[in-house]
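Grab a pencil and open the viewer. Here are a few short exercises, each with a worked solution.

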Amino acid sequence: MEYEHFSHEFSPVYTPTSKLLILGSFPSVKSREQCFYYGHPQNRFWKLLARLYGEEIPASIPAKKDLLIRHDIALWDVIASCEIKGSSDSSIRNVVPNDISSLLQQTAINNIYANGAKAATLYDKYIYPTTKRPIIKLPSTSPANAAYNLDKLEMHWQQIVKS
C-alpha cells in the first residue's frame, strides 16, 4: 500500500459550553468515506459513549452529534493533513496539526483526552507546546486494539463522565 496525502475534510463537533475534548489522530478510511468520526463499524467509540452515558447507540451522524452536544463533549482530531497508508496510524508522516488552541479559546474545555496512544503522542509533539494543556491518554477504541474489550475500555474511559 502506498502513502497518500489527505486533508481532514470535516469539522470538529463542539459548542461554547463543551467541557471536555476527545481527540483522535486522523480519520480512518471508513471515517473519511462517511465524512464523520469513527465510521468503521467495528470501532467501539459510539458504542462506548452510549454505554458510559446510559443511552442508545447513535446510528446517524445527527444522532452522534446530538449525543456529544448533550454531554458537553467536543470531538476532533490532532491532524489537519498528513500522508498515511490506509488507516494505519503507525504510517502517519508529514503532519500538519489542527488549530486546537483556537477551539480551546472558543469553549469551556477543562480536560483533553486522547483516543489512543498515537493521538496522545501527536498532541504532545504538535499541540502541547502551544496550549501548555496536558492530555489524558485513554486506550484506543479502534478494532486494532484487541487487547481491550468493551468492558475494559469502559473501565478506563469512565473518567470522562466524571470530568
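**Exercise 1.** At which residue does helix H5 (residues 117-131) bend, and by about how many degrees?

Before we solve it, some ground rules. This is a predicted model, where local features need pLDDT of at least 70, side-chain atom pairs count only at pLDDT 80 or more, and totals for chains, interfaces and linings use all residues. Residues are numbered from 1 along each chain as its sequence is written, and side-chain values use heavy atoms, leaving out hydrogens and water.

*Solution.*
- Find the helix: helices (H or I, at least four residues) and strands (E, at least two) are DSSP runs, numbered from the N terminus.
- Compare axes fitted to the seven residues ending at a position and the seven starting there.
- At Asp124, H5 bends by about 45°.
- Step just past H5, and Lys132 has a positive phi of about 55°.

**Exercise 2.** Which residues of H5 are buried, and what do they pack against?

*Solution.*
- Buried means under 20% relative accessible area (exposed is over 50%, partly exposed in between; 1.4 Å probe, protein chains only).
- Ala119, Ala120, Leu122, Tyr123, Ile127 and Thr131 of H5 are buried.
- Using contact (heavy atoms within 4.5 Å), their partners include strand S2 (20-24), helix H4 (100-105) and strand S6 (111-115).

**Exercise 3.** In what order do the strands of the open sheet run?

*Solution.*
- Two strands pair if DSSP finds at least two bridges between them.
- The 4 strands go S3-S2-S6-S7, with parallel pairing.
- S3 (73-77) and S7 are the edges, each pairing on one side only.
- S6 and S7 share 3 bridges, and Ala114 has Lys137 in S7 as its bridge partner.
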